[in-house]
Amino acid sequence: TRSTRPQRLLKAVRKRAKRGDPQSVISAIDHFCRHSEWAMNIGDEKGSILDSVVSELSPEKVLELGTYCGYSTVRIARLLPPGARLITLEFNADYAAIAKQVIAWAGLEDKIQLVEGASEDWIPHMKEHFGIETFDFVFLDHWKDRYLPDTKLMEDCGLLRKGTVLLADNVICPGVPDYLEYVRNSLSYKSCYFKSHLEYTKAEDGLEKSVFLG
Ligand SMILES: O=C(CSCCNC(=O)c1cc(-c2ccc(F)cc2)cc(O)c1O)c1ccc(O)c(O)c1
Ligand SMILES: [Mg+2]
């Protein structure tokens, strides 16, 4: 049967990227998405904004909601200090299987814990399963109608602390209006918008960075 787009993306990584070289994995995926097939990775333009937020923060404990093929997982993990840990949740088993191999090709498996399942099922169990008290950085890139409920769930589970940074992808396209309204109007967040473009296109999109004030 015909291969899937994530499978063709992984093939491109194996063909063009050097094992153990995260930057070459990132470049291989961007090349594939620009010259072969569009895919919903954050991409190089928004990816550079993600890089600057992560580099400035140097977080120890990171949560990513929505792994897809592991592009942003690799982008974040390659910038983490030694001993830092990234937990990434992916609902779709096929995406998770590809992401696991992309992460391995980049040689970053020691920093990353890839968990398969629904975010709302795992968030309440972060403390007992992973020994996590609170997260320093959360990257939201999963189902757009889950950003707000999962943020409220993380608050209720005490997973956010004063200064935790949430960075949300796709706040314009596909858009997350309820989440934006919440973080921009809540007294518990200091929020700002980074205008950019939808990955590999000229359409507007952007990232919303929101600092939890406790
Ligand atoms: O994909 C999922 C849910 S997670 C992916 C969320 N991400 C997006 O949807 C997402 C979408 C776009 C985008 C797509 C089309 C456009 F025309 C414009 C923008 C861009 C992004 O950067 C994104 O992150 C899932 C589907 C089925 C399952 O059966 C399952 O199990 C899981
Ligand atoms: Mg996205």
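Helices here are DSSP runs of H or I with at least four residues, strands are E runs of at least two, and both are numbered from the N terminus. One such run is helix H9, which spans residues 171–175 and includes Pro174. Please keep in mind while reading that this is a predicted model.

## The ligand and its shell

Let us start with ligand 1, which sits in the largest pocket. Its surroundings consist of 15 residues, and those that come nearest are Phe91, Asp141, Lys144, Asn170 and Glu199. Which kinds of residue make up this shell? Eight are nonpolar, three are polar and four are charged.

Polar side-chain atoms from three residues can be followed to oxygen atoms of the ligand. For Asn170, an N or O atom of the side chain is 2.7 Å from a ligand oxygen. Lys144 places a polar side-chain atom 3.0 Å from an oxygen of ligand 1, and for Asp169 the corresponding distance is 3.3 Å. How much of ligand 1 does the protein cover? The ligand has 680 Å² of accessible area on its own, and the protein covers 68% of that.

## Asn170, a ligand neighbour with positive phi

Asn170 deserves a second look. This residue belongs to the loop between strand S5 (160–168) and H9. Its relative accessible area is 3%, so Asn170 is buried. Its backbone is worth checking too: phi is near 65 degrees, a positive value in a residue other than glycine. Most residues other than glycine have a negative phi, and most peptide bonds are trans. With its side chain 2.7 Å from a ligand oxygen, Asn170 joins a positive phi to a place among the residues that come nearest to ligand 1.

## Two more backbone details

Tyr68 is another residue to inspect on a Ramachandran plot. Its phi is near 55 degrees, again a positive value outside glycine. Tyr68 sits in the loop between strand S1 (61–65) and H4. Is Tyr68 buried or exposed? Tyr68 counts as buried because its relative accessibility is 11%, and the cut-off for that label is under 20%.

The other detail concerns a peptide bond. Between Cys173 and Pro174 the bond is cis, with omega near 10 degrees. Pro174 is part of helix H9, the helix that follows the loop holding Asn170.

## Buried side chains that meet the backbone

Strand S4 (residues 135–140) offers a neat pair of neighbours, one of them Phe137 and the other Asp136. Asp136 has a relative accessibility of 13% and therefore counts as buried. What does its side chain meet? A polar side-chain atom of Asp136 lies 3.0 Å from the backbone nitrogen of Glu60, and the backbone nitrogen of Lys61 has a polar atom of that side chain at 2.8 Å.

Arg75 gives another example, this time in helix H4 (residues 71–77). Although arginine counts as charged, Arg75 is buried, with a relative accessible area of 5%. Its side chain reaches the backbone oxygen of Gly47 at 3.3 Å.

## Sequence separation and distance in space

Several pairs show how separation along the chain compares with distance between C-alpha atoms. Phe137, with 0% relative accessibility and hence buried, has its C-alpha 8.1 Å from that of Leu57, although the two are 80 residues apart along the chain. Leu148 lies in helix H8 (residues 147–156) and is buried at 11% relative accessibility. Between the C-alpha atoms of Leu148 and Asp178 there are 6.8 Å in space and 30 residues in sequence.

Arg19 occupies the loop between helix H1 (5–16) and helix H2 (22–35). Its relative accessible area of 54% makes Arg19 exposed. Arg19 and Ala104 are 85 residues apart in sequence, with C-alpha atoms 8.3 Å apart. Gly163 in strand S5 is partly exposed, with a relative accessible area of 24%. How far apart are Gly163 and Ala99 in space? Their C-alpha atoms are 29 Å apart, at a sequence separation of 64 residues.

Notes: Residues numbered from 1 in each chain as written. Chains lettered and ligands numbered in written order. Predicted model: local features only at pLDDT ≥ 70, side-chain atom pairs only at ≥ 80, totals over all residues. Heavy atoms only, no water. Near = heavy atom within 4 Å. Polar contact = N/O pair within 3.5 Å; in protein donor to acceptor, adjacent residues only side chain to side chain. Areas by Shrake-Rupley, 256 points an atom, 1.4 Å probe, with all protein chains shown as cover. 1 Å grid on protein atoms, 1.4 Å probe; cavity = no way out; pocket = protein on both sides within 12 Å on 5 of 7 lines; lining within 4 Å. Sits in = over half its atoms within 2 Å of the grid points. Buried < 20%, exposed > 50% of the residue type's maximum accessible area, 1.4 Å probe, protein only.
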